[in-house]
Every structure is written in C-alpha cells, then in structure tokens.
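Let's take a walk through a protein and look at where some of its charged side chains sit. Keep the picture open while you read.

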Amino acid sequence: MRIINVMIARGLGGIEQAFLDYNNALLSKGFDVLAITDKRAQINKEMPQHPNLKQSKIRFSHLNIFLIYTFYREFKKYQSDLIIVHSKKALSLVICAAKILGIKVVGVAHNPKFKHLDKCDAIFSITEYQRQIFIKKGFAAEKIFVIPNMIAEKRPYKPLPPYKKPPVIGTIGRFDPMKGFPDFVRALALLKQKGIPFRAVLAGGATANYKDEEQEIHRLIQENHLENDIHLPGWIHNKDDFYDQIDIFVLPSKFEPFGIVLLEALIRSLPVVSSLAEGPSEIFARTDAAYLFKIQNPSDMAQKLQDALQNFEQTKQIAANGYNLLQNNYSLPKVAEKLASAINTVLEG
C-alpha cells in the first residue's frame with residue numbers, strides 16, 4: 001500500500017518531528033511512503049534512509065494555486081492509496097488535486113484549530129481532548145481517530161541516579177508565551193526564597209515574533225537575582241546535551257496540545273514535573289507517572305518541584321512509572337499499530 005505524507009513547514013519543531021515519526025511508523029508497518037516537503041525545510045536532512053521511502057521537494061506557497069497541478073502530478077505519478085497532510089496551509093491545495101484523482105485525504109490535527117480539516121475524509125487527532133472539540137464542531141465522530149505523538153528512540157530504563165549537587169532542573173522550547181517560561185522562572189525564585197538548592201537550565205530561544213517573551217524572561221531572572229542559578233544556553237542542536245545535564249524535567253506550559261518534549265524526557269527515564277495543560281493532562285491521566293501542577297500557578301509548580309527534590313525515592317518511582325507509560329502508549333511500535341489500523345479503516349470507508 002502506498003501512502004503520501006505531506007509536510008510543507010520549514011522549521012524543526014514538534015510538528016515536523018511528528019511528520020518524521022509518521023514516516024518511520026508507516027515504513028515499520030510495511031507501507032511504501034512518498035514524503036513531500038518544502039525544498040527549504042530543515043527536516044530534509046533528517047529524513048530516514050529506507051528503500052521504501054521516496055522524497056519529493058517542492059517550493060510551497062499557499063498563495064500559489066498552480067501548486068495544485070504540482071500536487072496532482074506527484075499524486076498521479078506515485079499512484080498512492082491515501083494522502084496524510086500535517087500542514088493545514090497545504091490542505092486546500094492538496095485536497096483539490098486529490099479529488100481529481102479520487103484519493104482520500106487525512107488531516108493530522110496537531111492543535112485544536114479546525115481550519116480546512118472539515119474538508120478532509122478523516123482526521124487523525126493527537127488527543128481525545130481535540131477529538132471532542134472536532135465532534136462538537138460537527139465532524140463525524142467515526143471519521144476522527146486518536147493517533148498520539150510517538151517517539152522512535154529505543155533506550156533501556158535507567159533507575160534515577162542520585163541528584164547532582166545541587167540538583168539540576170531543566171526545561172526546553174521556543175520562547176512562546178504559551179510555553180509558560182516566565183512562570184518557570186517565578187517558581188524557581190520561590191524555591192530560592194525557601195533556601196532550596198538547585199541549578200536550572202532554560203534551553204531554547206525566541207523567534208522574531210516572541211522577542212517580548214524573551215525580554216520578560218531575562219527581566220524576571222534579574223529581578224529575582226537568579227543570574228547565577230539559571231543557565232540559558234540558547235537553541236540545543238543535540239538534545240542529549242540538554243537532557244544529560246538535568247535531573248528533573250519541567251513542562252510549564254499554559255497551553256500544550258501534546259508535548260513531544262515529555263516523551264523525550266520519559267524515554268530518558270527522567271522524572272517529569274508538568275502543568276495540567278491539555279496534552280499532559282491526557283498523557284498522565286489516572287497515572288502516577290509525573291508531578292502535576294495547576295496552569296499559570298508558579299506557587300504550585302514550586303511546591304511540586306520541592307516535592308520532587310525532597311522525596312527522592314518517590315521521585316525515582318515516578319520516573320520508572322513514566323518510562324513504563326511511554327513504552328506502553330507512546331513508543332513507535334505501539335502507535336504504529338494504531339496508525340495502520342486507522343489507515344485501513346479510512347480506506348475501507
């Protein structure tokens with residue numbers, strides 16, 4: 001069976017990583033895959049080498065209606081059974097070309113925005129939370145499948161070693177206001193006021209749209225005299241360089257559709273302290289696999305960090321639970337099974 005997997009974004013963030021994971025999951029289940037990307041995309045150099053994977057590179061612009069012909073030509077040449085699209089901006093053009101050829105299109109919903117998804121034959125939603133949103137908007141429930149994000153890495157479980165002296169607390173991401181990094185700094189300030197020793201790493205940076213957020217982070221660090229306590233290394237290209245230096249991972253997001261960084265931390269057997277944002281709430285529901293705190297509540301975050309720091313044996317068990325949760329629900333083999341089943345259901349109508 002032939003699947004076309006489309007991603008026209010040019011960055012290298014969570015959605016782009018999900019596209020790469022889809023390629024690997026599809027290949028693992030025996031599908032032939034054509035990956036269509038933008039010529040300028042950073043993910044091009046990350047594409048897996050596999051005899052059943054082909055790649056086509058285009059120069060995408062959602063304003064260029066002539067791309068309908070480009071997509072039509074690629075779809076007809078490859079003779080695909082199904083097209084999976086990760087970029088909402090590409091959906092309208094892809095659907096126009098696919099309809100001419102009678103090929104079904106699935107839109108992957110990486111966030112709750114419904115734009116263009118209503119034109120798809122099916123939706124792959126990363127959470128049940130989003131699935132319910134789409135049902136309320138009128139999309140047929142039987143055409144929405146929950147396919148969570150996954151992680152392809154295979155790492156053995158490692159019992160939590162003794163904390164560094166002082167313990168290192170870390171978080172990573174784009175300095176988007178929704179990521180809650182100012183609250184992370186505020187929580188660390190509260191730990192310092194209590195005399196609890198720590199060091200922190202806040203990795204990542206701001207794009208042109210989020211310079212104000214970066215300035216707010218620096219202002220809070222200075223205001224709370226945390227210059228010697230928080231290290232800001234900027235963008236990390238080798239993620240092991242980040243995860244290997246921390247003892248506890250924190251996700252302080254105000255809004256988080258899923259949180260692939262959570263999977264990255266769990267596969268490394270790290271304990272997680274996370275906000276109760278949309279994605280984390282679903283990932284950790286009815287488990288004892290993370291310390292969870294209320295959204296936009298630095299005081300609660302600080303308390304959960306204090307619990308994680310001062311109750312080592314409990315934290316060690318939570319880290320083990322988190323690793324097992326990942327293996328059972330979010331490893332590539334587990335999610336690939338769900339993906340293959342959903343694809344077969346869509347094609348069967």
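Is K115 buried or exposed? Keep in mind that you're looking at a predicted model. With a relative accessibility of 59%, K115 counts as exposed, because the cut-off for that label is anything over 50%. To find K115 in the picture, go to the loop that runs between β5 (104-109) and β6 (122-125). K115 also has company: together with R10, K39, R59, K89, K99 and K119, K115 forms a positive patch on the surface.

Now for charges that pair up. How many salt bridges does the structure hold? There are 18 salt bridges in it, and we'll visit a few of them.

Start with K29 and E337, whose side chains meet in a salt bridge with 2.5 Å from N to O. Look at where the two partners come from: K29 is in the loop between α1 (14-28) and β2 (32-38), while E337 belongs to helix α12 (residues 332-348), so this pair ties together parts that are 308 residues apart in sequence. What about their contact with the outside? K29 has a relative accessibility of 34%, so K29 counts as partly exposed. E337 gets the label partly exposed too, because its relative accessible area is 46%.

Next, hop over to R174 and D176. These two form a salt bridge as well, and their closest N and O atoms are 3.3 Å apart. Which of the labels does each partner get? R174 is partly exposed, at 34% relative accessibility. D176, on the other hand, has a relative accessible area of 10%, so D176 is buried; the cut-off for that label is under 20%.

Our last stop is the salt bridge between E216 and R186, where the closest N and O atoms are 3.4 Å apart. Here the pair links two helices from distant parts of the chain: E216 sits in α6 (residues 211-223) and R186 in α5 (residues 181-193), 30 residues apart. Both ends are partly exposed, E216 with a relative accessible area of 22% and R186 at 30% relative accessibility.

And that pair isn't on its own. Which residues are linked with E216 and R186 in a network of salt bridges? They are D183, R219 and E223. Try finding these residues in the picture, then go back to K115 in its loop between β5 and β6, where our walk began.

Note on methods. Residues are numbered from 1 along each chain as its sequence is written. This is a predicted model: local features need pLDDT of at least 70, side-chain atom pairs count only at pLDDT 80 or more; totals for chains, interfaces and linings use all residues. Side-chain values use heavy atoms; hydrogens and water are left out. Patches are made of residues with over 30% relative accessible area and no salt bridge: like charges are joined within 9 Å, nonpolar side chains (Val, Leu, Ile, Met, Phe, Trp, Tyr) within 5 Å. Accessible areas come from the Shrake-Rupley method with a 1.4 Å probe; for residues, only the protein chains shown count as cover. A salt bridge is a side-chain nitrogen of Lys or Arg within 4 Å of a carboxyl oxygen of Asp or Glu. Lys and Arg count as positive and Asp and Glu as negative; His and the chain ends are not counted. The place of a charge is taken as NZ of Lys, CZ of Arg, CG of Asp or CD of Glu. Helices (H or I, at least four residues) and strands (E, at least two) are DSSP runs, numbered from the N terminus. Buried means under 20% relative accessible area, exposed over 50%, partly exposed in between (1.4 Å probe, protein chains only).
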